[in-house]
Amino acid sequence: MASLETVARSGLPPMDIEKSLIDDTDIKIINDLKLLCEVFQSKFINAGIVKENSNVVFNPRFGIVSMFCGGADADIFIDDTLYDFKCTKSRGY
């Protein structure tokens, strides 16, 4: 999905579509995703933020309102709270 997000944001197809969208996923990326899932399990599910009856929306859309503020997006909406995740291995700008 991250590969497609780049296409959606830029409006341009990748130079080599097959390589960018169909290539095997690097094992480092798979391990990073597993770690992110473990963190989500620990910080959201085990901590009680997400409950069995929670209202959860992944990648919520804001419709036409998004256009007025330059393309608003978010990662997850849980029980009236909007979360946007930022992940990095190095600190700084």
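Start by selecting S54: at 15% relative accessibility, this serine counts as buried (buried means under 20% relative accessible area, exposed over 50%, and partly exposed in between, with a 1.4 Å probe and protein chains only). Before you go on, note that this is a predicted model, in which local features need pLDDT of at least 70 and side-chain atom pairs count only at pLDDT 80 or more, while totals for chains, interfaces and linings use all residues. Residues are numbered from 1 along each chain as its sequence is written, and side-chain values use heavy atoms, with hydrogens and water left out.

**Stop 1: around S54**

S54 sits in the loop between α3 and β1; helices (H or I, at least four residues) and strands (E, at least two) are DSSP runs, numbered from the N terminus. Show the side chain of S54 and look for the backbone nitrogen of K51, which it reaches at 2.7 Å. Which side chain does S54 join in a polar contact of 2.8 Å? Select D79 and you have the partner. A polar contact here is a pair of N or O atoms within 3.5 Å; within protein, one must be able to donate a hydrogen and the other to accept it, and residues adjacent in sequence count only if both atoms are side-chain atoms. Setting aside residues up to four places away in sequence, S54 touches I49 and D79, where contact means heavy atoms within 4.5 Å.

**Stop 2: I49**

Now click on I49, which is found in the loop between α3 and β1. I49 is partly exposed, with a relative accessible area of 31%. Leaving out neighbours within four places in sequence, I49 is in contact with K43, F44, S54, I78, D79 and Y83. Try a C-alpha to C-alpha distance from I49 to I78: the two are 8.0 Å apart in space and 29 residues apart in sequence.

**Stop 3: the sheet**

Switch to cartoon view and find the three strands, which form an open antiparallel sheet in the order β1-β2-β3; two strands pair if DSSP finds at least two bridges between them. β1 (56-58) and β3 (81-83) stand at the edges with a single partner strand each, so one side of each has no neighbour in the sheet. Next, select β2 (residues 76-78), which three bridges join to the antiparallel β3. Within that pairing, I76 has Y83 of β3 as its bridge partner.

**Stop 4: the aromatic rings**

Keep Y83 selected and add F40, F44 and F85: together they form one aromatic cluster. Rings of Phe, Tyr and Trp (its six-membered ring) pair if their centres lie within 6.5 Å; planes under 30 degrees apart count as stacked, over 60 as edge-to-face and the rest as tilted. How many aromatic pairs does the structure hold? There are three. F40 and F44 make a stacked one, 4.8 Å centre to centre with 10° between the planes. Both lie in helix α3 (residues 27-45), four residues apart, about one turn of the helix. F40 is partly exposed at 22% relative accessible area, whereas F44 is buried at 10%. Then rotate to F44 and F85, whose ring centres are 5.7 Å apart with planes at 85°, so this pair is edge-to-face. Because F44 lies in helix α3 and F85 in the segment after β3, the pair ties together parts 41 residues apart in sequence. End the tour on F85, which is partly exposed with a relative accessible area of 35%.
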